[in-house]
Amino acid sequence: MKKSYWIFVFVLVAGIFFVEYDLTKRTSRSAFVKKNPARLIHTKLAPATSTETSYQDPTRAGFDFRFQELTNEISQLQDDPEKVEQRMKILAESMTDDDVRQLSEVLTNKKNNGDKRAMAVEILSRNQSNESLKQLENFIRKNESPAEKWSREREFESVLKAQAVEGIAAFPQKDVAISSLTALDQKIEESFLKDRIKRSVASLKNQAPLPEKQDNDALEKLVE
Amino acid sequence: MSQAMIAVFLFFSTMVFASSQQSLQMPYKDSEFTCLSASEADKYTRDFGVDVRSFGGKELCDAQVDTKKLFNDIKIVEGGQFAEGQNNLIKGFVNKSQYYDWLKEQTRGIERGNDIPWATAYNSGGYFTMQDGWAKLSTLGRVGTFIHEARHTEGYRHISCRQGPYQGVSLAGCDSNYNYGGSHAVEMEYYARVSVQGINFHPVYKKMARLMAIARSNFVFNTAVLQPREAVMALSENRTQAHVYDQGQWFIREVPAVEGRLKRTSFGAVIFNGLAAFAIELYQNSGFPDAIEDTYSYYKLMGETQNIKDFEEFDSGVKRHVVKIGNNNKLAEFDFPQGSWGSEKSLPFSVAKLSTAVPGNVKAGLFLVSTEGKIFNYVPESQQLVSQPGQWDFSNQEVVTFKNQNLILRNDGKIYVQSGESLQPWLQTENLYSGLVVVPVYDAFEVVKE
Ligand SMILES: [Zn+2]
């Protein structure tokens, strides 16, 4: 009687820990390449089965689902932008190096939709690990083909890269950010990006206000 | 007793489980939160004459379908809110509380097509056709394009681009300036409002609006509306100080104690002695008199193989160029992606100096002056030298362009401003100088509406 009681307790505890471990793995794992993105779009959810991660329960959703959900929010008005910031921060901080690398693929793939790529650079910027720094640098350094004609799509590449520059500038260690941006400046030939880099570096050296502030001060003069 | 123990275990385990879930859990929104109501969709379809079928059929939820993208865009326009500005007398090109009504007024119909694939969208008499490029854009890019096209209905047309990435393109794609209030200005006004006054927009949408406005301000106006701020730097005659003129004031900076010529760089200024470049600290005086060699690799690389006669850093189109002229009279450009100097090209004349400006011409560029005083414009895109009218006056030591005027340092050590054919002393400066450059300052923008 006493023996079976302890076996029961052991199985119970082991069971709980197993469930917990499995959930932790599922929530942090990314599956960008493994799953068809069309299946991850909201509203058309497959019925939950006992073996598959159920996307109907948000707390059990994988990284890619949460990322797609955040991406979809860009095209919606937000009553509480602060909460959106919070959600982006939580997702960015939960990423593994594998997630970072796969998100970097989302960012660099020009076939992806603009919102998805913008969210990718945002989440990578907020991750602030060595791996994400490396991926942002690689993205900025990738020079566009001179054969590619200028268009809104080409303009968007510059905007994404400018966003990545600000991501690097926000890196917690200022000296790392400065040396990363200085090295990038020597590899880049696009004047607009060089200007963005120089503004960030000047700001990091306390020689100028944040580029974000400089931008809005200038834009304010247009609309106020 | 045993039941109590099980209860304690269960309670404890659930607590661990719950707290671990807490850290992973995100504030959640219902998966269908992005769906539109049928009545909203019908209203948008009616108000804007949307050819729903061409967009892939009526779709209320799935943003992969172009119809839903368009509906999302219209909803953002309809519900987007802007804070009151400090100066309410400025009404802008479009009233910020009436974007929806204004768009509706300018739009007779919207369809999806791909008959002009190189365009993002086009407007034919108030009927807009959104191309494949439109569908790939970000939400912000689509909304901006919509607003842009709507302005064309009011009769605003583009002219050919005289600068920026669209210069030389056969199609007219630019507006003269911001104050013209054309499609580019109206689009930019929207971006600026979203960034500066936007209340209920997504943070990433706002960030993109800011960066898009800053980027486009350089790309689509013949007079860029936001320009890098510049200051004038003059090297004192005894070469111990740099006098910097910025925003109506003069201040003094230390100069490294080395022989050489004062040169402008994209990060400030240097003293260049033919072998190495020594930085002048623009933002502060360090208090250390030692010369610090500039760490930028393209300047470092210059002196490694040979003496350099002159170098210049300048923009052309959307690209930065760094050009050097060796004592062997060969020209080479720095290849940024490769991180090294490109191949050297022999010049058909002996070069006396490089200049970023010539008197009577305020357009930026790179000019080569031959020892006989002939002037050639170097066109980096085609790597051609274009002969310029007139002779270089060698009593002009330096010629620069500052705020659309030529400043000239003459051999008498004085700085003059050229007005028409005559030279006037600039700002009544009594000081004598041995060098003159214009340096970029990265702490604010110059706002140039016209
Ligand atoms: Zn247009």
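In the predicted model, D443(B) counts as partly exposed, its relative accessibility being 23%. The partner of D443(B) in a salt bridge is R229(B), with 2.5 Å between the closest N and O atoms. Because D443(B) belongs to strand β23 (residues 433–447) of chain B and R229(B) to strand β4 (residues 226–236) of chain B, this pair ties together parts that lie 214 residues apart in sequence. R229(B) has a relative accessibility of 4% and therefore counts as buried.

A further salt bridge of chain B is formed by the side chains of D310(B) and R261(B), at an N to O distance of 2.6 Å. Here too distant parts of the chain are linked, since D310(B) is placed in strand β10 (residues 308–316) of chain B and R261(B) in strand β7 (residues 261–265) of chain B, with 49 residues separating the two. D310(B) counts as buried because its relative accessibility is 2%, whereas R261(B), with a relative accessible area of 23%, is partly exposed. Both residues take part in a network of salt bridges that also includes K263(B), E312(B), K353(B) and E398(B).

Over all chains, the whole structure contains 47 salt bridges. One of the pairs joins the side chains of D215(A) and R210(B), with N and O 2.7 Å apart. This pair crosses between chains: D215(A) is part of helix α11 (residues 211–223) of chain A, and R210(B) is part of helix α8 (residues 203–219) of chain B. D215(A) and R210(B) are both buried.

Chain B has 450 residues, of which 52% count as buried. The secondary structure of chain B consists of nine helices and 23 strands. When contacts in chain B between residues at least 6 apart in sequence are considered, 51% join residues at least 24 apart.

Several of the strands are arranged in antiparallel hairpins. Strand β21 (residues 415–419) of chain B is mostly covered, with four of its five residues buried, and β21(B) pairs with two other strands of chain B. Strand β20 (residues 405–410) of chain B runs antiparallel to β21(B) and is joined to it by three bridges; within this pairing, L409(B) has I415(B) of β21(B) as its bridge partner. Four residues lie between β20(B) and β21(B) in their hairpin, where G413(B) adopts a positive phi near 85 degrees. Strand β22 (residues 422–425) of chain B is likewise antiparallel to β21(B), with four bridges between them. In this pairing Y416(B) is matched with P425(B) in β22(B). The hairpin of β21(B) and β22(B) has two residues between the strands, and G420(B) in its turn shows a positive phi of about 65 degrees.

Another hairpin of chain B is made by strand β8 (residues 268–272) and strand β9 (residues 277–280), which pair in the antiparallel sense over four bridges. V270(B) is located opposite A279(B) of β9(B). Between β8(B) and β9(B) there are four residues, and G274(B) in the turn has a positive phi of about 95 degrees.

The second largest pocket encloses about 1100 Å³ of space. Its lining comprises 36 residues, and those nearest the centre are W118(B), A119(B), T120(B), Y166(B) and L171(B). Elements of both chains supply at least two lining residues each, namely α8 (152–169) of chain A and, in chain B, β2 (121–124), α5 (132–136) and α6 (139–153). The largest share comes from α6(B), which provides four residues. In composition, the lining of this pocket divides into 14 nonpolar, 13 polar and nine charged residues.

Contacts across the two chains also involve K69(B), a residue of helix α3 (residues 66–79) of chain B. K69(B) counts as buried because its relative accessible area is 10%, below the 20% cut-off. Residues up to four places away in sequence being left aside, K69(B) touches N113(A) of chain A together with A63(B), Q64(B), W134(B), A135(B) and R142(B) of chain B.

Definitions and conventions: Residues numbered from 1 in each chain as written. Chains lettered and ligands numbered in written order. Predicted model: local features only at pLDDT ≥ 70, side-chain atom pairs only at ≥ 80, totals over all residues. Heavy atoms only, no water. 1 Å grid on protein atoms, 1.4 Å probe; cavity = no way out; pocket = protein on both sides within 12 Å on 5 of 7 lines; lining within 4 Å. Points joined across faces, edges and corners; volume = space filled by probe spheres on them. Nonpolar A, V, L, I, M, F, W, Y, C, P; charged D, E, K, R; others polar. Salt bridge = Lys/Arg side-chain N within 4 Å of Asp/Glu carboxyl O. Buried < 20%, exposed > 50% of the residue type's maximum accessible area, 1.4 Å probe, protein only. Pairing = 2+ DSSP bridges. Contact = heavy atoms within 4.5 Å.
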